[in-house]
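This report concerns charged side-chain pairs and a metal site. The structure is shown first, and the description follows.

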Amino acid sequence: MQTTRGRRPAAPSWPGGARFAFTIFDDTDMTTLVNGPPVYDVLTDLGFRITKSVWPVAPSGPPRTGGATCADRDYLAWVQRLQASGHEIGYHNASDHPSTRESTVAALDAFRDMFGADPRIGADHSGNLEAMYWGPRRLTGARSWLFDHASALARPERPEAPGPAANPRHFQGEVPTSPYFWGDVLRDRIDYWRNFTFTDVNVLNPCPQLPYHDPARPYVNWWFAATQAPTLVPLLDLLDPARLDRLEAEGGACIAYTHLGVDTAPDGRLDPRFAPAMERLAARPGWFTTASSLLDHLRERRGVDVPLDDAARRRMERRWLGDQLRARTGSEARKAIARRRR
Ligand SMILES: [Zn+2]
């Protein structure tokens with residue numbers, strides 16, 4: 001596998017002579033007007049411009065996760081101020097529960113009214129039935145089968161449950177006969193959609209084709225991969241100086257996929273570790289831009305667009321499965337240790 005490790009650092013190829021690129025895709029789960037602004041004030045003041053996802057419309061039934069939607073006027077006004085200051089606004093499905101095609105189209109229309117254009121980028125909300133090529137369909141062939149069976153074994157309480165979003169085999173965004181189908185809408189209105197997240201700080205290592213078109217999953221124009229950092233502690237781990245040194249030495253790119261609303265400023269009080277970590281990052285010679293702008297740049301730098309081929313897809317899927325397995329083994333080991341201590 002090609003990496004730049006062990007070689008001389010690559011010549012800077014980022015705008016302004018920056019030596020690496022860094023951004024965050026902020027999954028909107030649990031974000032409110034209490035816990036959101038303290039985090040974004042820090043980011044904006046330090047010069048970061050990131051991608052904040054939203055739910056355009058209020059839940060019409062029980063919410064799955066919790067968090068504000070753009071139906072709340074004050075919350076919308078705050079998100080619009082973020083957009084005006086240079087942050088990108090992304091899409092996290094219509095709302096905090098599954099939405100049919102009709103609701104999705106209405107939510108995208110509402111998004112356009114609120115933010116002036118269609119979203120350029122988005123990611124599915126966990127468990128939403130309209131998720132695009134999700135569950136086992138994230139993977140191909142035997143890997144898909146393996147993932148499906150491993151998921152069923154890992155979560156025996158979930159797979160056959162009757163609830164609308166409980167069955168990970170039943171995601172339907174790309175299935176034309178489903179009421180949840182919106183693949184053609186995604187293709188017509190959104191450029192970038194997320195599939196894999198990896199542990200590597202430099203997402204160009206596991207996904208050198210970033211962003212890529214996968215002919216086997218054609219409703220998505222360009223898939224993006226990201227670095228997995230779901231909550232504050234993994235985000236702080238990602239910002240560890242040694243990992244950032246490596247990102248910089250490799251001239252790499254990091255798109256951290258995180259949920260800033262979960263525990264960065266619970267009850268509005270900023271975790272004391274967050275701002276210092278972001279200050280240290282801001283002091284480095286990075287290009288701090290939004291996710292779509294980073295992905296646009298990668299496409300421009302590449303010049304020609306080559307669709308993902310079977311070998312590249314296989315490498316990426318294997319790498320992702322490896323990351324999943326290591327994470328699962330790690331958490332199983334941690335649980336076993338905790339049990340022994342009890
Ligand atoms: Zn979510």
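In this predicted model, Asp323 and Arg326 meet through their side chains in a salt bridge, with an N to O distance of 2.9 Å. Both residues belong to helix α11, which spans residues 310-341, and because they are 3 residues apart there, about one helical turn separates them. The two partners differ in their surroundings: Asp323 is buried, with a relative accessible area of 5%, whereas Arg326 counts as exposed at 55% relative accessibility. Salt bridges that share partners also join a set of residues into one network, made up of Arg143, Asp214, Arg217, Asp310, Arg313 and Glu317.

Side chains of opposite charge can pair when their charged atoms come close. The structure holds 23 salt bridges, and the table lists three of them.

| Acidic residue | Basic residue | N to O distance |
|---|---|---|
| Asp323 | Arg326 | 2.9 Å |
| Glu250 | Arg246 | 2.9 Å |
| Asp305 | Arg302 | 3.3 Å |

The pair of Arg246 and Glu250 combines a partly exposed residue with a buried one. Arg246 has a relative accessible area of 27% and is therefore partly exposed, while Glu250, with a relative accessible area of 6%, is buried. Their side chains meet in a salt bridge at 2.9 Å, taken from N to O.

In the salt bridge between Asp305 and Arg302, the closest N and O atoms are 3.3 Å apart. Asp305 is partly exposed, its relative accessible area being 38%. Arg302 likewise counts as partly exposed, at 31% relative accessibility.

Which protein residues are the donors of the zinc ion? They are Asp27, Asp29, His92 and His125. Asp27 contributes an OD atom, and Asp29 is listed with OD twice. His92 donates through NE2 and His125 through ND1. These donors lie 2.0 to 2.7 Å from the zinc ion.

Along the sequence, the spacing of the donor residues follows the pattern D-x1-D-x62-H-x32-H. Are the two aspartates of this site buried or exposed? Asp27 is buried, with a relative accessible area of 3%. Asp29 also counts as buried, at 8% relative accessibility. Both values fall in the buried class because that class covers relative accessible areas under 20%.

How values were computed:
Residues are numbered from 1 along each chain as its sequence is written. This is a predicted model: local features need pLDDT of at least 70, side-chain atom pairs count only at pLDDT 80 or more; totals for chains, interfaces and linings use all residues. Side-chain values use heavy atoms; hydrogens and water are left out. A salt bridge is a side-chain nitrogen of Lys or Arg within 4 Å of a carboxyl oxygen of Asp or Glu. Buried means under 20% relative accessible area, exposed over 50%, partly exposed in between (1.4 Å probe, protein chains only). Helices (H or I, at least four residues) and strands (E, at least two) are DSSP runs, numbered from the N terminus. Donors are N, O and S atoms within 2.8 Å of the metal (3.2 Å for Na, K and Ca); water is not among the atoms, so sites may look incomplete.
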